[in-house]
Amino acid sequence: MSVKIIVGAQWGDEGKGKVVDMLTEQSDIVARYQGGANAGHTIVVGGTKYVLHLIPSGILHSGVTCVIGNGVVIDPVALMDEIRRLESLGISMTGRLKISHKAHLIMPYHKLLDQLQESDQKIGTTGRGIGPAYIDKYNRSGIRIVDLLDRASLEEKLRRAIAQKNEWFRKVYDAPELDVEKTVAEYLEFDKQIDEYITDTTSYLNEAWRSGKRLLLEGAQGALLDVDHGTYPFVTSSSPTSGGACTGLGLPPTAITGVIGIVKAYSTRVGNGPFPTELNDEVGERLRSEGSEFGATTGRPRRCGWLDLFALRYSAMVNGITEIVLTKLDVLNNFPQIGVCTGYELDGRALKYFPSECGSLERAQPQYQMLPGWNTSLEECRTWDDLPAAARDYITFIENFVGAKVTYLGTGPGREQIVVR
Ligand code: GDP
Ligand code: IMO
Ligand code: MG
C-alpha cells in the first residue's frame with residue numbers, strides 16, 4: 001500500500017510532469033489535488049512533447065486511472081481542449097478519467113476578472129481565472145460540477161453571479177458585460193461532454209487506498225507559491241504543499257506513506273515577487289537558455305538563479321519531504337563553478353529560518369557557497385556510479401543541507417533520461 005504525494009519544492013516548474021509520468025509505472029491511480037490550468041506539466045516521450053494543464057500526468061500510461069480531485073478548479077474550455085488533443089494523439093480517456101463532482105468551475109467572469117485585476121495588482125498571474133474562482137469557492141458562491149446536474153438551480157446561481165460580476169465590470173473596469181443565457185447554454189453543453197467522467201472521487205480514492213492500490217497524488221505549482229506558506233501575496237490561490245493533497249482529494253493524513261519533493265538543480269520563478277538568488281546577469285541568462293526556461297502555460301521567460309538551499313530546507317520542513325527527485329542536473333553541465341545559497345543575512349544578521357514575508361525577502365542578502373562543476377555531459381549516465389565525482393558531491397551537499405535523500409536524478413527532458421540512486 002503506497003500513497004505518495006508529489007510536491008513542487010520551489011516556485012513551480014521543477015519537472016513534476018516528467019517525474020509523475022516516470023513514477024506512474026509503479027502506480028494504479030494518479031490524482032491531481034489543487035490548482036487548475038495555470039499548471040503546465042511537460043512530458044517528453046520518444047521526441048513527442050505533451051504539456052498537461054488539468055489532466056494528471058499519469059495519463060500516458062494506459063492501465064492507470066487519473067483523477068481530478070475536489071481541490072482543483074476546472075476551466076471547461078481548457079479541459080475539453082486537453083481531452084481532444086490527447087484523444088487525437090491516440091490517448092483514450094474512456095473509463096480512466098474521473099472528475100470530482102465537488103470540484104469548482106472556472107467561469108468566463110473569473111478569467112476576465114483575473115486579467116483585469118492584473119492591471120492593478122501585478123502578481124504576474126497566468127490569467128487563467130484561478131484566484132477569482134477560489135475567491136468564490138471560499139465565499140461560498142462558487143459553482144461546482146455537481147451544480148450542472150440541476151438546470152433550474154444552475155440558471156439561478158449563474159444569473160445571480162453574472163449580475164454581481166457585471167456590476168463590478170461596469171463600475172470598476174468599464175469592461176463588456178456577460179450574457180447569462182449564453183453562459184448557461186455553454187455550461188450545459190459542457191455537462192453533456194463530461195458527464196461520463198463525473199463521480200464521487202473521494203469515495204473512489206478512499207476505497208482504492210483501503211484495498212491496497214498504489215496512489216500518486218500530483219501537486220501543481222510549488223511550496224513557495226502556496227497561499228499560506230509561500231511568498232504572499234506573490235503566490236497562487238491554493239495549497240500546493242503536501243497538506244493540500246488531503247483536503248484536495250478527501251484522503252486522510254493517515255493514508256500518506258511518503259512525500260516526494262521535486263527539486264530543480266537551480267532556481268526559477270515565473271511571475272513577480274521576491275527571488276533572493278535571482279541572477280540578472282550572464283549566468284542567469286545562461287541558465288535560462290541551457291534550461292529552456294520558458295513557461296509551459298504562458299511562454300513567459302522564467303527568472304533564473306542558483307539553487308536556494310535555505311528556502312529548500314524551509315520547503316522540506318513545511319511539506320515533510322521524505323525523498324527528493326533532483327531534476328535538470330544536466331543544465332549545470334558546463335558551469336565551472338555552481339553556487340548554492342546556504343543562508344540569508346538581514347541587516348547584518350544571519351537569519352535562522354527562511355522568512356516567507358516579502359519585506360524581509362526583498363532585503364535579505366543570500367550567502368553563497370561555490371561548489372566545483374563537472375564540465376562534462378551526463379547523457380550517458382544511468383547509475384549513481386556513472387556520475388562524475390563533482391556531480392555526486394553536489395548532490396550529497398544538497399542532501400546533507402536539506403536532510404532528505406535524493407532518490408532519482410534528471411539528466412534530460414526525455415522519459416528515459418533519469419538516474420536511479
Ligand atoms: P512542471 O510544471 O513541474 O511539470 O515542470 P515544467 O514542465 O513546467 O518545466 C520543466 C521543464 O524541464 C520541461 O520542459 C521538461 O521537459 C524539462 N525537464 C524535466 N526534467 C528535466 C531534466 O532532468 N533535464 C532537462 N534538461 N529538462 C528537464
Ligand atoms: P506548474 O504546476 C510556475 C505563478 C504565476 C504567478 C503566480 C499566481 O507548471 O509548476 P495564478 O495564475 O496561479 O494566480 O498565478 O503563480 N504560477 C506558476 N509558476 N509554475 C506553475 O505551475 C504556476 N502556476 C502559477 O506565474 O506568479
Ligand atoms: Mg510547469
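**Exercise 1. A residue in helix 5**

Task: Leu 158 lies in helix 5; determine whether Leu 158 is buried or exposed, and give the separation of its C-alpha atom from that of Gly 142.

Solution. The model used here and in the exercises below is a predicted one.
- Step 1: The relative accessible area of Leu 158 is 0%. Buried means under 20%, so Leu 158 is buried.
- Step 2: Along the chain, Leu 158 and Gly 142 are 16 residues apart. Their C-alpha atoms are separated by 9.4 Å.

**Exercise 2. The magnesium site**

Task: Name the protein donors of the magnesium ion (ligand 3), place them in the fold, and classify their accessibility.

Solution.
- Step 1: Asp 13 donates through OD and Gly 40 through O, at 2.1 to 2.2 Å from the magnesium ion.
- Step 2: Asp 13 belongs to the loop between strand 1 (2-8) and helix 1 (16-23), while Gly 40 belongs to the loop between strand 2 (29-32) and strand 3 (41-45). The pair therefore ties together parts that are 27 residues apart in sequence.
- Step 3: Asp 13 has a relative accessible area of 21% and is partly exposed. Gly 40, at 13%, counts as buried. The cut-off between the two classes is 20%.

**Exercise 3. The surroundings of ligand 2**

Task: Which residues come nearest to ligand 2, and what polar pairs does ligand 2 form with Gly 40, Thr 236 and Arg 300?

Solution.
- Step 1: There are 20 residues around ligand 2, and the nearest are Asp 13, Lys 16, His 41, Thr 126 and Thr 236. Asp 13 is also a donor of the magnesium ion.
- Step 2: The side chain of Thr 236 has an N or O atom 2.6 Å from an oxygen atom of ligand 2.
- Step 3: Gly 40 places a backbone N or O atom 2.9 Å from an oxygen atom of ligand 2. For Arg 300, a polar side-chain atom is 2.9 Å from an oxygen atom of the ligand.
- Step 4: On its own, ligand 2 has 550 Å² of accessible area, of which the protein covers 98%.
- Step 5: The largest pocket is the space taken by ligand 2.

**Exercise 4. The surroundings of ligand 1**

Task: Describe the shell around ligand 1 by its nearest residues, its polar pairs, and the elements that contribute to it.

Solution.
- Step 1: Gly 15, Lys 16, Gly 17, Thr 42 and Asp 330 come nearest among the 20 residues around ligand 1. Lys 16 is also listed among the nearest residues of ligand 2.
- Step 2: A nitrogen atom of ligand 1 has a polar side-chain atom of Asp 330 at 2.7 Å.
- Step 3: Asp 13 has a side-chain N or O atom 2.9 Å from an oxygen atom of ligand 1. A polar backbone atom of Thr 411 is 3.5 Å from an oxygen atom of the ligand.
- Step 4: The protein covers 92% of the 580 Å² of accessible area that ligand 1 has on its own.
- Step 5: The space taken by ligand 1 is the second largest pocket. Helix 1 and strand 3 are the elements that give two or more residues to the shell.

**Exercise 5. Backbone exceptions**

Task: Describe the peptide bond between Tyr 232 and Pro 233, and the phi angles of Asp 174 and Asn 375.

Solution.
- Step 1: Most residues other than glycine have a negative phi, and most peptide bonds are trans.
- Step 2: The bond joining Tyr 232 and Pro 233 is cis, with omega about 10 degrees. Pro 233 is in the loop between strand 10 (214-218) and helix 8 (243-249).
- Step 3: Asp 174 has a positive phi, near 55 degrees. It sits in the loop between helix 5 (151-173) and helix 6 (180-194), and at 71% relative accessibility it counts as exposed.
- Step 4: Asn 375 also has a positive phi, near 50 degrees. Its loop runs between strand 18 (365-372) and helix 12 (389-402), and at 47% it counts as partly exposed.

**Exercise 6. Two loop residues**

Task: Are Glu 293 and Phe 354 buried or exposed, and which side chain does Glu 293 contact?

Solution.
- Step 1: Glu 293 is in the loop between helix 9 (282-290) and strand 13 (303-305). Its relative accessible area is 0%, so Glu 293 is buried.
- Step 2: The side chain of Glu 293 makes a polar contact of 3.0 Å with that of Lys 264.
- Step 3: Phe 354 is in the loop between strand 17 (349-350) and helix 11 (358-363). At 6% relative accessibility, Phe 354 counts as buried.

Definitions and conventions
Residues numbered from 1 in each chain as written. Chains lettered and ligands numbered in written order. Predicted model: local features only at pLDDT ≥ 70, side-chain atom pairs only at ≥ 80, totals over all residues. Heavy atoms only, no water. Donors = N, O, S within 2.8 Å, 3.2 Å for Na, K, Ca; no water. Helix = DSSP H or I, 4+ residues; strand = E, 2+ residues; numbered from the N terminus. Buried < 20%, exposed > 50% of the residue type's maximum accessible area, 1.4 Å probe, protein only. Near = heavy atom within 4 Å. Polar contact = N/O pair within 3.5 Å; in protein donor to acceptor, adjacent residues only side chain to side chain. Areas by Shrake-Rupley, 256 points an atom, 1.4 Å probe, with all protein chains shown as cover. 1 Å grid on protein atoms, 1.4 Å probe; cavity = no way out; pocket = protein on both sides within 12 Å on 5 of 7 lines; lining within 4 Å. Sits in = over half its atoms within 2 Å of the grid points.
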